[in-house]
Amino acid sequence: MKKIVSLAFTLMLGCFMLTGCSDKAEPFTQKEYTADPGEITGINIDVRDRQIQVSLSQDDQIRISYYENSKEAYDIGVSDGNILTMTSADNKEWTDYIGGKPSDENRKIKLLIPDALLDTLTLSTTNEDISLPSLTVSGSISLSSNGGNIDFESLGVGSDLTLNVKNGNISGAVAGSYEEFAIWSESKKGESNLPGNKDTGEKTLNVTSNNGDVNIDFTGAD
């Protein structure tokens with residue numbers, strides 16, 4: 001019986017070693033997707049284990065810079081509703097999850113967008129952060145991170161701003177005054193400077209956090 005257990009352990013150890021060698025043998029390749037903002041009304045990025053870093057475009061084009069290989073890739077396209085979508089399209093065996101993570105750079109998605117030209121912006125990831133500069137959309141923004149922080153300078157929306165974190169913090173500023181927003185917020189195992197419920201306001205701010213703090217200011221506040 002001991003020989004059988006020893007053999008099984010040896011085989012598992014061999015798999016771990018082969019997996020580690022396989023990961024190192026296949027590097028990531030940097031790629032870029034470019035879109036004309038005149039053909040895009042919204043952006044929806046839904047990925048796993050990737051940092052999403054948003055910056056303002058200097059040439060009025062929408063650009064997504066990312067890294068992928070045959071095991072960790074993305075599906076990118078434009079829907080009939082003119083929504084640019086990017087989703088994880090991993091092609092992993094269970095053994096591919098053994099070993100170290102890709103480098104920080106290979107786990108980063110850089111999104112460059114023109115200011116005030118989009119109707120909607122939706123970003124979702126796990127185990128990594130989402131960061132945004134000061135920007136405005138004519139409709140809604142939705143940001144979600146399970147296992148990371150959400151940081152932004154100032155976000156302007158025409159209707160709704162939704163923020164959700166688990167095991168992470170939310171910090172930033174909302175363009176406009178406190179009186180402009182109806183607020184619904186819930187914070188578990190963390191501190192929040194927002195009220196739990198505020199009914200009045202033309203726009204909506206919806207914030208949920210679990211095991212993290214929330215600190216949001218209003219740029220139009222006195």
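The exercises below, with worked solutions, concern a predicted model.

Local features require pLDDT of at least 70 and side-chain atom pairs pLDDT 80 or more, while totals for chains, interfaces and linings use all residues. Residues are numbered from 1 along each chain as its sequence is written, and side-chain values use heavy atoms, without hydrogens and water.

**Exercise 1.** Determine the strand order of the open sheet and identify its edges.

*Solution.* The sheet has 9 strands in the order S5-S6-S2-S8-S11-S14-S18-S16-S17, with mixed pairing. Strands are DSSP runs of E, at least two residues long, numbered from the N terminus; two of them pair if DSSP finds at least two bridges between them. S5 (74–78) and S17 (197–198) are the edge strands: each has a single partner, so one side of each lacks a neighbour in the sheet.

**Exercise 2.** Describe how S2 and S8 pair, and place leucine 121 in its surroundings.

*Solution.* S2 (residues 42–46) and S8 (residues 120–126) are parallel, with 5 bridges. Isoleucine 43 lies opposite leucine 121 of S8. Beyond four places in sequence, leucine 121 has contacts (heavy atoms within 4.5 Å) with residues including Ile43, Leu111, Leu132 and Val137.

**Exercise 3.** Characterise the environment of threonine 208.

*Solution.* Threonine 208 belongs to strand S18 (residues 203–210). Its relative accessibility is 18%, so threonine 208 is classed as buried, a term for under 20% relative accessible area (1.4 Å probe, protein chains only). Its side chain forms a polar contact of 2.3 Å with that of asparagine 164; such a contact is a pair of N or O atoms within 3.5 Å, one able to donate a hydrogen and the other to accept it within protein, and residues adjacent in sequence count only if both atoms are side-chain atoms.

Conventions
Helix = DSSP H or I, 4+ residues; strand = E, 2+ residues; numbered from the N terminus. Buried < 20%, exposed > 50% of the residue type's maximum accessible area, 1.4 Å probe, protein only.
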